[in-house]
Amino acid sequence: MRSHARVAVIGGGVVGCSVLYHLTKFGWTDVVLIERAELTAGSTWHAAGGFHTLNADTNMAALQGYTIKLYNELEEISGQSCGLHHVGGMTLAETPERLDQLKAERAKHRYMGLETEIIGPEEIRKRSPIVNTDGLLGALYDPLDGHLDPSGTTHAYAKAARKQGAEIILRNPVVELNPRADGCWDVVTEQGTLTAEYVVNAGGLWAREVNEMAGVYLPLHPMEHQYLVTDDIPEVFGHETELPHVIDPGGENYLRQEGRGLVIGFYEQDCDPWAVDGTPWDFGPELLADKLDRIADALDHAYSRYPVLETAGVKRVVNGPFTFAPDGNPLVGPVPGLRNYWAACAVMAGFSQGGGVGLTLAEWMIEGEPSRDVFAMDVARMGDYCTRPYTRAKVRENYQRRFAVSYPNEELPAGRPLHSTPAYGLWDARRAVYGQAYGMEAVNYFAPEGEERFETPSFRRSNAFETVAEECRAVRTAVGINEIHNFGKYQVTGPGAEAWLDRIMAGRVPREGRISLTPMLSPKGKLIGDFTISCIAPERYQLTASYAAQHYHLRWFWQHLPEDGSVAVRNVSTQMIGFQIAGPKARELLQRVTRSDVSNEALPFLSVREMHVGLCRALVQRVTYTGDLGYEIYVPAEQQVSLFHALEEAGADLGLRPFGMRAMMSLRLEKSFGSWLREYKPDYTPAETGLDRFVSYNKPVDYIGKAPTDAEKAAGPSRKLCTFVVEAKDADVWADEPIWNDGEVVGFVTSGGYAHYSEKSVALGFLPVELISEGREVEIEILGERCGARMIGEPLFDPKAERMRG
């Protein structure tokens with residue numbers, strides 16, 4: 001066996017072979033794939049082989065579209081048939097809520113260039129006469145859906161990779177992974193040791209075991225999955241064309257034609273995690289025992305929806321395992337904390353996503369970053385909070401909800417509460433309704449007495465609407481208090497701290513006692529962070545950013561730390577917590593609980609001070625995401641309850657009221673403040689989003705992303721972020737709705753909602769610069785209906801920032 005390779009890909013399923021192929025496509029030929037047995041010998045061989053573009057994340061949907069369109073290219077290069085059947089597919093809707101979801105998907109497909117359409121029951125019957133349309137309201141039809149031969153497709157990837165210089169070594173289990181001081185890895189196999197500059201874990205069912213060899217845990221778990229293959233059915237083989245795929249979410253099943261019969265698979269509620277203590281190394285190309293009792297109820301529903309099944313014989317039952325991550329998307333990219341160790345695992349829809357996974361990993365490894373935002377499948381989106389029991393609970397929930405309606409305001413219950421702060425009990429006593437992010441509980445709103453502590457999942461305005469409005473009014477007219485634990489916070493210290501921050505941030509580094517806002521950019525000038533920098537003392541800074549991006553940002557910090565040890569970065573996200581107070585009476589409240597002077601002269605906007613607040617020594621920042629007069633007050637976690645009681649007692653006669661994240665996100669709309677992963681993400685640049693006002697173009701530092709940012713400044717962006725007031729009815733925008741102008745889709749919404757204090761429905765979104773003018777009338781499609789919208793040029797609240805800065 002060879003002794004060295006640039007990249008060693010571990011695992012010979014469809015994902016590993018796709019990674020290998022794409023590495024060669026991008027010009028790296030010194031690459032090798034190592035497989036313990038034969039190609040496809042894990043979960044690939046028994047896959048049902050369907051493919052589709054439908055995904056809640058637009059970039060994931062686009063990558064699935066790329067995967068599907070790639071198969072013709074693969075056949076040409078390899079000479080190997082993929083067994084393609086482009087028959088189209090229908091996702092059925094039997095409830096208004098499901099139809100709302102499909103309308104929302106169809107809407108965002110408009111600006112993505114995906115030619116889907118909403119069809120009615122008559123068209124459903126025309127396309128697939130075996131479907132009983134009783135009770136159906138419609139369906140989403142996608143002409144790209146279809147199925148293929150799993151073995152043929154995997155071998156097509158492998159043959160194409162070999163033709164382009166890659167090597168594949170079969171029947172050679174990896175037994176150890178040992179990191180070297182130079183960043184390379186010794187890959188120890190039964191046939192010998194290979195030194196690789198990069199290792200890619202595409203181990204599929206054995207990805208957990210491969211991760212253990214590397215000394216890391218990644219959250220993924222296999223689930224059992226069953227589908228049935230029927231005998232010949234005259235209504236199937238007698239149809240003039242091959243039948244389209246059908247997904248019947250209400251019946252938790254998918255169905256397609258297989259030769260002269262059908263394949264029907266189920267995502268049943270009574271589901272089983274597989275191999276809880278690890279995948280046996282000797283598990284081979286074999287199936288699990290049938291468990292038809294698990295799908296008895298689902299079969300009854302299927303007989304009603306597809307009556308031809310009632311008399312059809314069953315040719316075989318396939319029950320096999322495949323892997324999921326907690327949210328159902330893959331785990332891809334460089335693993336935080338390990339040099340040159342990459343993940344390409346938990347790809348549960350390998351024939352929809354495998355090509356996109358391979359493309360993304362190759363771009364990232366060879367060019368330094370992907371060509372689009374892939375946070376939805378970035379391995380760093382998950383953190384250390386993902387314990388094994390938590391992973392199993394969320395994976396099982398995700399499996400059960402594979403075909404459930406995904407509401408934008410829904411908070412899923414499995415694996416909760418996991419992380420919470422000392423204030424959790426305080427909020428619980430005040431009837432908090434919780435959400436969660438990155439494993440941490442956060443208050444969405446506070447339910448009034450006599451009302452259920454549960455927000456109704458909906459695409460339309462929920463039962464929380466009036467309560468959130470009251471919380472917003474309390475902030476704008478008196479003073480509100482909100483927990484600030486759900487920010488990522490990092491202490492940066494050391495003699496090289498200022499120079500390091502100047503290098504990795506595009507904005508200026510503040511002087512002592514001051515705060516600056518700054519984007520963090522990739523080498524190509526894309527947004528990878530939206531930070532607040534506070535200079536507490538010489539060589540001592542606090543960075544604040546998105547809580548859910550902790551591993552994502554830490555990975556970037558670790559990759560760029562100086563080797564001389566002059567900079568230390570410490571994640572204090574759960575150690576330094578506290579509250580923000582905001583509203584016209586916020587200064588009066590703060591002054592009541594501290595002897596320090598907090599007047600505008602002593603503590604102006606964008607300043608930071610250490611002071612005693614109540615009984616606590618606190619870090620106070622004059623900044624707030626509400627866009628009002630406000631302060632963020634940070635204390636050690638063990639002092640949080642004490643801080644709350646001090647503020648609560650002092651604010652009783654000021655009208656102090658707790659408010660949650662629903663109110664926060666409403667208030668920020670009135671200031672046109674963007675949100676991470678909505679307005680600010682790696683698809684966008686500072687000039688497109690308005691963050692260029694925080695870029696220090698003239699600072700004498702070659703900061704990361706400077707050259708492309710300078711070039712964009714000179715040329716100007718082709719699109720910009722705008723704010724619209726929408727003539728909405730009972731539903732507001734969430735994200736990804738198309739923006740229409742003169743009958744054409746010209747842009748898309750990034751986020752929005754109802755701005756309660758201003759009593760306006762608001763949308764933020766992108767338009768081409770030539771269409772941008774204050775007062776421009778456009779239309780925004782909400783749940784299939786075009787609503788009038790007017791562009792506004794200044795914030796709805798405090799347009800001159802007199803209150804925020806005063």
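This passage looks at two pairs of packed helices and at a few buried residues in a predicted model.

Two packed helices can be described by the angle between their axes and by the distance between those axes. Take helix α5, which covers residues 150-163, and helix α9, which covers residues 350-367. Their axes cross at roughly 10 degrees and come within 12 Å. Angles under 35 degrees count as roughly parallel, so α5 runs roughly parallel to α9. On the α5 side, the contact is made by Pro150, Thr153, Thr154 and Tyr157. On the α9 side, Phe351, Gly354 and Gly355 do the job. Sorted by class, this contact between α5 and α9 has three nonpolar and four polar residues, with no charged ones.

One of the α5 residues just named, Thr153, deserves a closer look. Is Thr153 buried or exposed? Its relative accessibility is 0%, and anything under 20% is called buried, so Thr153 counts as buried. What does Thr153 touch, once its neighbours within four places in sequence are left aside? The answer is Tyr71, Ser81, Cys82, Leu148 and Phe351. Phe351 turned up above as part of the α9 side of the helix contact.

Cys82, a contact of Thr153, leads on to the cysteines. How many disulfides does the structure hold? The count is zero. A disulfide needs two cysteine sulfur atoms within 2.5 Å, and for Cys82 the nearest cysteine sulfur, that of Cys17, sits 12 Å away. Cys82 is therefore in no disulfide. Cys82 is also buried, because its relative accessible area is 0%. Another cysteine, Cys535, has a relative accessible area of 3%, so Cys535 is buried as well.

The other helix pair is α12, residues 465-477, and α17, residues 661-669. Here the axes lie 9 Å apart, and the packing angle is about 60 degrees. How do α12 and α17 sit relative to each other? An angle of about 60 degrees falls outside the ranges for roughly parallel, roughly antiparallel and roughly perpendicular, so the label is oblique. In other words, α12 and α17 are oblique to each other. The crossing of α12 past α17 is right-handed. From α12, the residues making the contact are Val468, Glu471, Cys472, Val475 and Arg476. From α17, they are Arg662, Ala663, Ser666 and Leu667. By class, the contact of α12 with α17 has five nonpolar residues, one polar residue and three charged residues.

Technical notes:
Residues are numbered from 1 along each chain as its sequence is written. This is a predicted model: local features need pLDDT of at least 70, side-chain atom pairs count only at pLDDT 80 or more; totals for chains, interfaces and linings use all residues. Side-chain values use heavy atoms; hydrogens and water are left out. Axes are lines fitted to C-alpha atoms, for helices over the stretch in contact, and angles run from 0 to 180 degrees between N-to-C directions. Helices (H or I, at least four residues) and strands (E, at least two) are DSSP runs, numbered from the N terminus. Angles under 35 degrees count as roughly parallel, over 145 as roughly antiparallel, 65 to 115 as roughly perpendicular and the rest as oblique. A crossing is left-handed if the near helix is turned anticlockwise from the far one by less than a right angle, and right-handed if clockwise. Contact means heavy atoms within 4.5 Å. Ala, Val, Leu, Ile, Met, Phe, Trp, Tyr, Cys and Pro count as nonpolar, Asp, Glu, Lys and Arg as charged, and the others, Gly among them, as polar. Buried means under 20% relative accessible area, exposed over 50%, partly exposed in between (1.4 Å probe, protein chains only).
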